[in-house]
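Hello,

Here is the structure I promised to pass on to you. Please open it beside this email, and I will walk you through what turned up.

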Amino acid sequence: MIYVFIKETGEISHCMKPGWRDQLEDRSYHNGCLMVTTEEDVPMEDILDLRYWDFGSNEFKDRDRRPSNFHYWKDSSWALDQDKLINHLKAIRTSKLYECDWTQLPDSPLTPVQKELWALYRSKLRDLDFTNEHHLEGVKWPIAPGEVL
């Protein structure tokens with residue numbers, strides 16, 4: 001037997017095998033989660049990743065794995081959390097800009113041509129459009145001067 005704790009969205013919060021002292025009543029609520037027991041002989045990781053609870057039919061249903069860490073369970077399907085993804089992409093861009101700040105300093109060892117190439121690269125980083133949802137998952141990052149693909 002496995003205890004399965006279900007959030008109000010139907011997403012499974014966590015699972016556990018009962019210990020000798022654990023005697024929870026099936027279909028009871030614990031810390032805001034519905035607890036349902038299952039006799040399935042399935043690894044708990046698969047229950048967490050590949051199942052959800054359908055409150056309409058009061059049964060477990062299969063689902064695909066989470067497409068990315070930027071997806072969450074909503075209305076019986078995976079939804080993209082665009083704000084979380086955009087913040088992550090902006091953090092990557094900020095890091096890339098920070099890593100090449102030195103290229104624009106007056107005492108950098110670069111030639112004027114090299115400095116201009118780095119300035120162009122930095123400009124392309126700042127011009128990335130994170131508002132168009134069609135570009136979010138396939139961002140085309142500019143290539144830094146001297147970077148080999």
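How many aromatic pairs does the structure hold? The structure, which is a predicted model, holds 6 aromatic pairs. One of them is formed by Trp53 and Phe60, an edge-to-face pair with 4.9 Å from centre to centre and 80 degrees between the planes. Trp53 counts as buried because its relative accessibility is 3%, below the 20% cut-off.

Another aromatic pair is that of Phe130 and Trp141, which is tilted, with 6.2 Å from centre to centre and 55 degrees between the planes. This pair links distant parts of the chain: Phe130 is in the loop between α3 (112–126) and α4 (133–136), while Trp141 is in the segment after α4, 11 residues apart. Are the two partners buried or exposed? Phe130 has a relative accessibility of 5%, so it counts as buried. Trp141, at 25%, counts as partly exposed. Trp141 also has a charged visitor: Lys96 lies over its face, at 5.5 Å from the ring centre.

There is an aromatic cluster to look at as well, made up of Tyr52, Trp73 and Trp78. Over the ring of Trp73 sits the charged end of Arg63, 4.6 Å from the ring's centre.

**The β5–β6 hairpin**

Now back to Trp53 and its surroundings. Strand β5 covers residues 51–54; Arg51 and Trp53 point one way from it, Tyr52 and Asp54 point the other way, and all are buried. Its partner is strand β6 (residues 59–62), which runs antiparallel to β5 and is joined to it by 4 bridges. Within this pairing, Trp53 stands opposite Phe60 in β6, and these two residues also form the edge-to-face pair described above.

The two strands form a hairpin with 4 residues between them. Which residue in the turn has a positive phi? That is Asn58, at about 55 degrees. Most residues other than glycine have a negative phi. With a relative accessible area of 42%, Asn58 is partly exposed.

**The four-stranded sheet**

Elsewhere, 4 strands form an open sheet in the order β2-β1-β4-β3, with antiparallel pairing. The edge strands are β2 (12–16) and β3 (28–30), each of which pairs on one side only. From one strand to the next, the twist averages 35 degrees.

At one edge, β3 pairs with strand β4 (residues 33–38) in the antiparallel sense, over 3 bridges. Here Tyr29 stands opposite Leu34 in β4. The loop between β3 and β4 contains Asn31, whose phi is near 50 degrees, a positive value in a residue other than glycine. Is Asn31 buried or exposed? Its relative accessible area is 82%, so Asn31 is exposed.

**One more residue to visit**

Finally, please take a look at His71, which has its place in strand β7 (residues 71–74). His71 is buried, because its relative accessible area is 10%. The side chains of His71 and Ser68 are joined by a polar contact of 2.8 Å.

If you would like a place to begin, try Trp53: it is buried, it belongs to β5, and it forms an aromatic pair with Phe60.

Happy exploring, and best wishes

Definitions and conventions. Residues numbered from 1 in each chain as written. Predicted model: local features only at pLDDT ≥ 70, side-chain atom pairs only at ≥ 80, totals over all residues. Heavy atoms only, no water. Buried < 20%, exposed > 50% of the residue type's maximum accessible area, 1.4 Å probe, protein only. Pairing = 2+ DSSP bridges. Phe/Tyr/Trp six-rings, centres within 6.5 Å; stacked < 30°, edge-to-face > 60°. Lys NZ or Arg CZ within 6 Å of the ring centre and 35° of its normal. Polar contact = N/O pair within 3.5 Å; in protein donor to acceptor, adjacent residues only side chain to side chain. Axes fitted to C-alpha atoms, helices over the stretch in contact; angles between N-to-C directions.
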